[in-house]
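The following exercises are to be worked through with the sequence and the model in view. Each task is followed by a solution in steps.

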Amino acid sequence: MALSLLNKKADAAPAAAPLWHPNFRNFERLPDTKVVRTTFFINAGGIATAVLLLSFVGWREYQAHAFDVQRAAAEAEIAKNQKQSNEGLRLTKLFTDEDKKLAEAAAFVQMPITPTELLTVLGASLPKEIQIEAIDLRPSDPTAPRVLVRGLAAGSKDQASGAAAAYVETLRTQPRLAEVFDGVKLNAINPDPTTGALLFEIELRYKGKGPKK
């Protein structure tokens, strides 16, 4: 009877909550949270610094590549312009040369005495001691339009000098040459080491500033 009452009381009484709960944490073995936080920030800072450095290096490499591309383009443009400039200079020189030739041809046509007539006059008055080697026609010379006669005078030094001077005087008094040239003079006379004769140069200067039409 007594056992039966105890069992009933036990069934009627609510189950009481346990007055304790287990704590399995071992504080001695847990890491220090301050040290963990410091290590985290150090690692994060290092990663951020590495990313910034890589970004900076990449940006510099990009700038260097862009500069190389621009420099190559500039050099190509310079080479292209240089080629055009050289071609322009060549054409300018060619044009200048041709223009000079045309001017000389025009002056040659406008000469007051033709080369054939000049040779005839010079040959007709040529003494036997004088030999003409070359005739240099400069009708369009901007400084002094003239004709240069170069040749040899035979004989001794005195005889050759006298022959050259006499020939100059003959040309100076020649009527046709007097119409065309303002003066005739002996520019130079020097001994020729190979022949022993005297080399001379006679200048006939056109009247006025240039050859007449």
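**Exercise 1. Locate Ser-125 and determine whether it is buried or exposed.**

Solution. The structure is a predicted model.
Step 1. Ser-125 is part of the loop that joins α3 to β1 (130-138).
Step 2. The relative accessible area of Ser-125 is 17%. Buried means under 20%, so Ser-125 is buried.
Step 3. Its side chain comes to 3.4 Å from the backbone oxygen of Leu-122.
Step 4. When residues up to four places away in sequence are not counted, Ser-125 touches Tyr-167, Thr-170 and Leu-171.

**Exercise 2. Describe the largest nonpolar core and state which elements supply at least two of its residues.**

Solution.
Step 1. The largest nonpolar core comprises 23 residues. Those with the most contacts inside this core are Leu-177, Phe-181, Ile-202 and Leu-204.
Step 2. At least two residues of this core come from each of α3 (115-124), β2 (146-153), α4 (157-172), α5 (175-180), β3 (181-191) and β4 (198-206).
Step 3. Leu-177 serves as an example. With residues up to four places away in sequence set aside, Leu-177 touches Ile-113, Leu-118, Val-121, Leu-122, Leu-171 and Leu-204.

**Exercise 3. Classify the pair formed by the rings of Phe-181 and Tyr-206.**

Solution.
Step 1. A search of the whole structure yields 2 aromatic pairs. In the pair of Phe-181 and Tyr-206, the ring centres are 5.0 Å apart and the planes stand at 40°.
Step 2. Planes under 30 degrees apart count as stacked and over 60 as edge-to-face; the angle of 40° therefore makes this pair tilted.
Step 3. Phe-181 belongs to strand β3 and Tyr-206 to strand β4; with their positions 25 residues apart, the pair links distant parts of the chain.
Step 4. Phe-181 is buried, because its relative accessibility is 4%. Tyr-206 is likewise buried, at 2%.

**Exercise 4. Establish the surroundings of Glu-203 and of Phe-200.**

Solution.
Step 1. Glu-203 has its place in strand β4. With a relative accessibility of 6%, Glu-203 counts as buried.
Step 2. The side chains of Glu-203 and Arg-205 make a polar contact of 2.9 Å.
Step 3. Apart from neighbours within four places in sequence, Glu-203 contacts Arg-146, Val-147, Leu-148, Gly-183, Val-184, Lys-185 and Asn-187.
Step 4. Phe-200 is also found in strand β4, and its relative accessible area of 3% makes Phe-200 buried.
Step 5. Although 49 residues separate Phe-200 and Gly-151 in sequence, their C-alpha atoms are 5.6 Å apart.
Step 6. Beyond neighbours within four places in sequence, the contacts of Phe-200 include Ile-130, Gln-131, Val-149, Gly-151, Leu-186 and Ile-189.

**Exercise 5. Summarise the protein as a whole, and state which element has the lowest mean pLDDT.**

Solution.
Step 1. The protein has 5 helices and 4 strands, and from the N terminus the elements follow the order α-α-α-β-β-α-α-β-β.
Step 2. Of its 213 residues, 18% count as buried. The accessible surface is about 16,200 Å², with 62% belonging to carbon and sulfur atoms.
Step 3. Among contacts between residues at least 6 apart in sequence, 59% join residues at least 24 apart.
Step 4. The average pLDDT is 75, and 71% of the residues score at least 70. Among the elements, helix α1 (residues 2-12) has the lowest mean pLDDT, 49, whereas β4 has the highest, 92.

Methods:
Residues numbered from 1 in each chain as written. Predicted model: local features only at pLDDT ≥ 70, side-chain atom pairs only at ≥ 80, totals over all residues. Heavy atoms only, no water. Core = buried A, V, L, I, M, F, W, Y, C linked by side-chain atoms within 4.5 Å. Buried < 20%, exposed > 50% of the residue type's maximum accessible area, 1.4 Å probe, protein only. Contact = heavy atoms within 4.5 Å. Polar contact = N/O pair within 3.5 Å; in protein donor to acceptor, adjacent residues only side chain to side chain. pLDDT = per-residue confidence, 0-100. Areas by Shrake-Rupley, 256 points an atom, 1.4 Å probe, with all protein chains shown as cover. Phe/Tyr/Trp six-rings, centres within 6.5 Å; stacked < 30°, edge-to-face > 60°.
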